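Reader: Please take me through the labels attached to this model, and set each one against its cut-off.

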Amino acid sequence: ADNAPDAFIHIISNPVNSMVPLAAEVLKQKGVYDPKRLFGVTTLDVVRANTFVAQKKNLRLIDVDVPVIGGHAGITILPLLSKTRPSVTFTDAEVEDLTVRIQNAGTEVVGTKNGAGSATLSMAYAAARFVESSLRALDGDGDVYECAYIQSELTELPFFASRVKLGRKGIEAVISSDLLGLSEYEARSLDALKPELKASIEEGMAFAQKQKPAAASV
């Protein structure tokens, strides 16, 4: 905020659902908040969704794109399998199994490593992918899309993850069409995630507000 107020700020440290609202409040206090330049990096959820769908449907991973909306923890992670490209068909059981696996993939990795590590390599890949996309956008590429957790008006929640188009000044467009025509399962899951995501957002904002008087008195 003090040294590079015009930078793209990528937040990947958990809990992302709270850290992004917290960062927004700090940037507001500094008078340099630009919601188009603040991103919660949820790319790992997309990478996992794409990978699991490609494996399940015997598709080339490079061809698969699954938008993931909501947040970046537990049930707030909502892969929109009905919006998968290329178009594929899932049974109800496959949708539920894939959704839960994508939501709990981090726990699965920790279990596989017997508690001795977490998803470090996939997280690094996801971070590198989002940085590369940002650099392409800054360089003028007009076809850069990623999912990210941002200040949003897509729902009643002030922050929400969705697909966005990136440009030289940050977020150029929010792809609202992804939320149209959701399956019944996705619509129910979206309603179910909102209370938890709302609580996380409020927790981050409240923490930033509590720090404000202390910072002012220094």
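Author: Let's start with the words helix and strand: these are DSSP runs, H or I over at least four residues for a helix and E over at least two for a strand, numbered from the N terminus. The model is a predicted one, in which local features need pLDDT of at least 70, side-chain atom pairs count only at pLDDT 80 or more, and totals for chains, interfaces and linings use all residues. Residues are numbered from 1 along each chain as its sequence is written, and side-chain values use heavy atoms, with hydrogens and water left out.

Reader: Where is Pro86 found, and what makes the peptide bond from Arg85 stand out?

Author: Pro86 is in the loop between strand 4 (77-79) and helix 3 (92-103). The bond leading from Arg85 to Pro86 is cis, with omega near 0 degrees. As background, most peptide bonds are trans, and most residues other than glycine have a negative phi. There is also a cis bond from Asn14 to Pro15, again with omega near 0 degrees, and Pro15 sits in the loop between strand 1 (9-11) and helix 1 (16-30).

Reader: What is the phi of Asn58, and why does Asn58 count as exposed?

Author: Its phi is positive, about 55 degrees, although Asn58 is not a glycine. Asn58 belongs to the loop between helix 2 and strand 3 (68-70). As for exposure, buried means under 20% relative accessible area, exposed over 50%, and partly exposed in between (1.4 Å probe, protein chains only). Asn58 has 70% relative accessibility, so it counts as exposed.

Reader: How do you know whether Leu78 is buried or exposed?

Author: Leu78, in strand 4, has a relative accessible area of 0%, so it is buried. Its C-alpha atom is 14 Å from that of Pro195, which is 117 residues away along the chain. Ile12 makes a nice contrast: its relative accessible area is 28%, which means partly exposed. Ile12 lies in the loop between strand 1 and helix 1, and its C-alpha is 19 Å from that of Arg136, with the two positions 124 residues apart in sequence.

Reader: What makes the side chains of Arg129 and Glu146 a salt bridge?

Author: The term asks for a side-chain nitrogen of Lys or Arg within 4 Å of a carboxyl oxygen of Asp or Glu. For Arg129 and Glu146 the N to O distance is 3.1 Å, so the pair qualifies. Arg129 lies in helix 5 (residues 120-138) and Glu146 in strand 5 (residues 145-151), so the pair ties together parts that are 17 residues apart in sequence. Arg129 is partly exposed because its relative accessibility is 22%, whereas Glu146 counts as buried because its value is 5%.

Reader: How many salt bridges does the structure hold?

Author: There are 13 salt bridges, and one of them joins Arg163 to Asp178 at 2.8 Å, N to O. That pair links distant parts of the chain, 15 residues apart: Arg163 is in strand 6 (residues 159-167), and Asp178 is in the loop between strand 7 (170-174) and helix 6 (184-217). Both Arg163 and Asp178 are buried. Another salt bridge connects Glu202 with Lys198 at 2.6 Å, N to O. Those two residues share helix 6 and stand four residues apart, about one turn of the helix. Glu202 is partly exposed because its relative accessibility is 42%, and Lys198 is partly exposed because its value is 41%. The C-alpha of Lys198 is separated by 32 Å from that of Ser87, 111 residues along the chain.

Reader: Why is helix 2 called roughly perpendicular to helix 5?

Author: The axes of helix 2 (residues 43-57) and helix 5 come within 8 Å and cross at roughly 110 degrees. That makes the two helices roughly perpendicular, because angles of 65 to 115 degrees get that name, while under 35 is roughly parallel, over 145 roughly antiparallel and the rest oblique. Axes here are lines fitted to C-alpha atoms over the stretch in contact, with angles from 0 to 180 degrees between N-to-C directions. The crossing is right-handed: the near helix is turned clockwise from the far one by less than a right angle, whereas anticlockwise would be left-handed.

Reader: Which residues form the nonpolar patch on the surface?

Author: Val131, Leu135 and Leu138 form it, with about 250 Å² of accessible area together. Patch members have over 30% relative accessible area and no salt bridge; nonpolar side chains (Val, Leu, Ile, Met, Phe, Trp, Tyr) are joined within 5 Å, like charges within 9 Å. The areas come from the Shrake-Rupley method with a 1.4 Å probe, and for residues only the protein chains shown count as cover. Leu138, in helix 5, has 38% relative accessibility, so it passes the patch cut-off and counts as partly exposed.
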